[in-house]
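Hello,

Here is the structure I promised to hand over. My notes follow below it.

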Amino acid sequence: MELEEVIDHILNGDGILFLGAGFSRDAVNVEGNNMPDASELSKLLCGELGVKINNNLAKVSNHYLKSSSVSKEELEQRKLNLVTYIQNLYFTREVKGYHKSIINRPWRRIYTTNYDDVVEKSSKDRIKIFNMNTDTNIILKNPGIVHLNGYCRTVTTDSLDNEFKLTQRSYLSDSFLNSSSYQAFKHDVKNSKVVVFIGVSLDSDLDIQRLILANKGNKEKIVFIDRPLKEGEEVDEIEDSTKLELGIQYKIGAQNFGEMIATQSKSFKKLENKIDWKTFVKIRDDKSYVHKELDETDIWNFLFTGEINDSFIRNNIDNNEYFVQRTKINKIIDEVLNNKFQISVVHSNLGNGKTVALKTLAYKLAESIEVFQFDKLMDNWELEIEEIIKLEGRKVIIIDNYNNNIEVLNKILETIDDNISIIISGRTYIVKNLYYRLTKRIDEEKICEYDLNKLSRTDLNKFAQYLIERRFTPVFKENADTVKDILVKSCGEKLSQILLFLIKSPNIRREIDKKVASVISNEVKKESLLAIIINNTVPLDLSFEDIIELLENYNEISYIERDEDFSEFVDVYNDEIRMKSSVLSSYILESNDFNQELLGVLKRMIDNASRLSPSECEKVRQKLISVSTMRKLLVKNKNYNDNDVDKIILSYYSQFDAYPEYSNNIFFWLQYGMAAVDAKEYMRAQTYFENSFKVAKKVQKGSDFDTYQVDTQYGRFLLERGLNEDVVDSADDLIKSLDYWIKAFVQRPEQYFYISNQFKLIEPFMVKYILSWNSKQKEAIRKRLKYLKNKYSVKNQTKIIDDLNKLELILFNSLVTQ
């Protein structure tokens, strides 16, 4: 990058500045001397102590402040003396013109390892001052300066022990890399077009090389401004070559650089830096949407083909004409507006109303506060988050299928403050599995879950009336109580089951089957439809272009898009693709024998995943080997009973066990083992679980990785095997299972539901084998059940505790009888 381009970026507000001791050297301190570096302070301390001069401030200050030979009073006096030295050495009396020229530019932010106040003295405006441990969100909200080592004007005897750094370079670098200000620095480096280092030495008190190497891919934007060599001075080849590996070096000095900026600024015309909102969509309460009268066709299309019309949602947001207003939505809105929780987690299984619920939340909340909804991940997503954070007042950020955008959520959590609420959503099983990650990032009392899987009693009353008004055949001329009874008994109070119930009525089913038959008569359209169903059901959030890449159907893309029957089920817009109705997806799979075709499409998607970006490839290959994914896609029908489905799922995994991507993948072997248990192939299951443990053992070295999932499923395997086969060491197997579950609980107590889901196997296992156990074995089992009961009592899980009490009682009675 040429220097003129560097300066253009600075003048346009696209640069950050990092200052070392060399930048301040020509400034004059209050004692009338040039601004010293850390070695001058070290000499002063050595002089007071009467010891040999040592330029290593870390060693000298450590000896000065922590000498065991001085009294508490003398140590306090030394701290006061040190504060005075710092103030006398680093308070600024006078700066040069080039200091002002460099500082008074629209830097995104300034970072410095200097103690002095040269930047503050040079700035024509009051500048915000932060330290290494200032919260990330506070730094990102405001242009300012971050003093990484401490600041002479805020130093006190107390701050000498925390925010003021008089320590070794490596320790300081570790502190910075683990600090909140480093998160701000990373964000700034990534989102700036130029990062200028002035007066920085690679041998200085902060390991600049580590910082830059920790942010790979930024070499083209790193610029070092160093002083020119004095006459007769030797070149430091090691320093220079290292800097050239990290970025670009200009040996022109700060003074020349400041003068160049001043000259270039006279003719510079600022480019408009308007944020191009691509990742987030602002939900507006401007009523500018097209108004259209609602008719019955619109409602039928909404219910049965999944055509969601945003205008109708907005027009009918306070009534039940277009869709039934769920009572839980009002609860969420009330709690968000009252800032009761920082994160609201909305979840449901496929087809239970999550999409409409999120739209309703967005539009209703937008009437009172700023609402931003995540759309798709684009290049400038971090800048958009920064802009949202800067906005005054309360804000809400909504992220659907957040499990596919964990990086975005983590970034928001790094910068969040009390003015931001987050609504995230996902499928129930995914939310349950990932919940523990949220509790690691934010206090659990700041999180609230909202389960949309079942309709409330009030919702059922409203839905019964809604269906009666539609005059659907299954409920035609029935009274409200009868319809409500159908919704409860036949549909389990679930929206997805209600819609399936209606779809399966003869007149609706005939119409849908006719359109499905037209699509699946063509192999390309059928494959594309199945891939899109997979994309929605999992969900993968792939674009239409991604799916075409995975299927290699390049020539047929326009043909598919123009097909009238295909478009009844699928929306293709701006490269986004989705099934209009997730309930319709379920119906299509249930009413057709697509199991073998689905397996073929899944394999092709895995095989061709390398054509996508690395992150998308990893996502596809991970999610398409999940047993829970297989169970959502492969269904029993007239050709396949439950056991047949278990067998074809197991055969699916056998295609991939030699793939390099899976051979050392813990998750793959875990899922393979689970599939083998489901298929009652217990010898194979044991092998696959052992493989998973073996791979995990390698991963665990030097990491905090735990095996709670493998432990939990291995415990399940031992009991499933004993229930379906006759085993000799049944008591030992139950003891091992309990030990594995205890281990899993200790590793991940927040995943207690995942573990307790296996406890239902214990009672039938005991009933089958308890008569063959001796008292010692029974007591060992009872002891472990009691341990688990104590653990679950902390979680206030009364139902689980009651079940464990029942198991203890069975053992106790058996012991008494024995």
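A residue counts as buried when its relative accessible area is under 20%, and as exposed when that area is over 50%; partly exposed lies in between. Please keep in mind that this is a predicted model.

Phe689 comes first. This residue sits in helix H36, which spans residues 682-700. Phe689 has a relative accessibility of 0%, so it counts as buried. What does Phe689 touch, leaving out residues up to four places away in sequence? On one side of it in the numbering are Leu670, Gly673, Met674 and Val677. On the other are Val710, Gln713, Tyr714 and Phe717. I also checked a distance from here. Glu234 is 455 residues from Phe689 along the chain, and their C-alpha atoms are 63 Å apart.

Next, Lys411. Helix H19, residues 406-415, holds this lysine. Is Lys411 buried or exposed? Its relative accessibility is 6%; because that is under the 20% cut-off, Lys411 counts as buried. Beyond its neighbours within four places in sequence, Lys411 contacts Gln183, His187, Trp381, Glu382 and Ile385.

Now the start of the chain. Glu2, Glu4, Glu5 and Asp8 form a negative surface patch. Glu5 belongs to helix H1, which covers residues 3-11. With a relative accessibility of 39%, Glu5 falls between the two cut-offs and therefore counts as partly exposed.

Then the chain as a whole. The chain has 818 residues, and 53% of them count as buried. Its secondary structure comprises 42 helices and 17 strands. Along the principal axes, the C-alpha atoms fill a box of roughly 95 × 75 × 50 Å. Take the contacts with a separation of 6 or more: 75% of them join residues 24 or more positions apart.

Last, surface and charge. The accessible surface of the chain is about 37900 Å². Carbon and sulfur atoms account for 47% of that surface. The chain carries 115 positive and 125 negative charges. How far apart are the mean positions of these positive and negative charges? The separation is 4 Å.

To recap the three sites: Phe689 is buried in the model, Lys411 is buried as well, and Glu5 is partly exposed.

Best wishes

Note on methods. Residues are numbered from 1 along each chain as its sequence is written. This is a predicted model: local features need pLDDT of at least 70, side-chain atom pairs count only at pLDDT 80 or more; totals for chains, interfaces and linings use all residues. Side-chain values use heavy atoms; hydrogens and water are left out. Helices (H or I, at least four residues) and strands (E, at least two) are DSSP runs, numbered from the N terminus. Buried means under 20% relative accessible area, exposed over 50%, partly exposed in between (1.4 Å probe, protein chains only). Contact means heavy atoms within 4.5 Å. Accessible areas come from the Shrake-Rupley method with a 1.4 Å probe; for residues, only the protein chains shown count as cover. Lys and Arg count as positive and Asp and Glu as negative; His and the chain ends are not counted. The place of a charge is taken as NZ of Lys, CZ of Arg, CG of Asp or CD of Glu. Patches are made of residues with over 30% relative accessible area and no salt bridge: like charges are joined within 9 Å, nonpolar side chains (Val, Leu, Ile, Met, Phe, Trp, Tyr) within 5 Å. A salt bridge is a side-chain nitrogen of Lys or Arg within 4 Å of a carboxyl oxygen of Asp or Glu.
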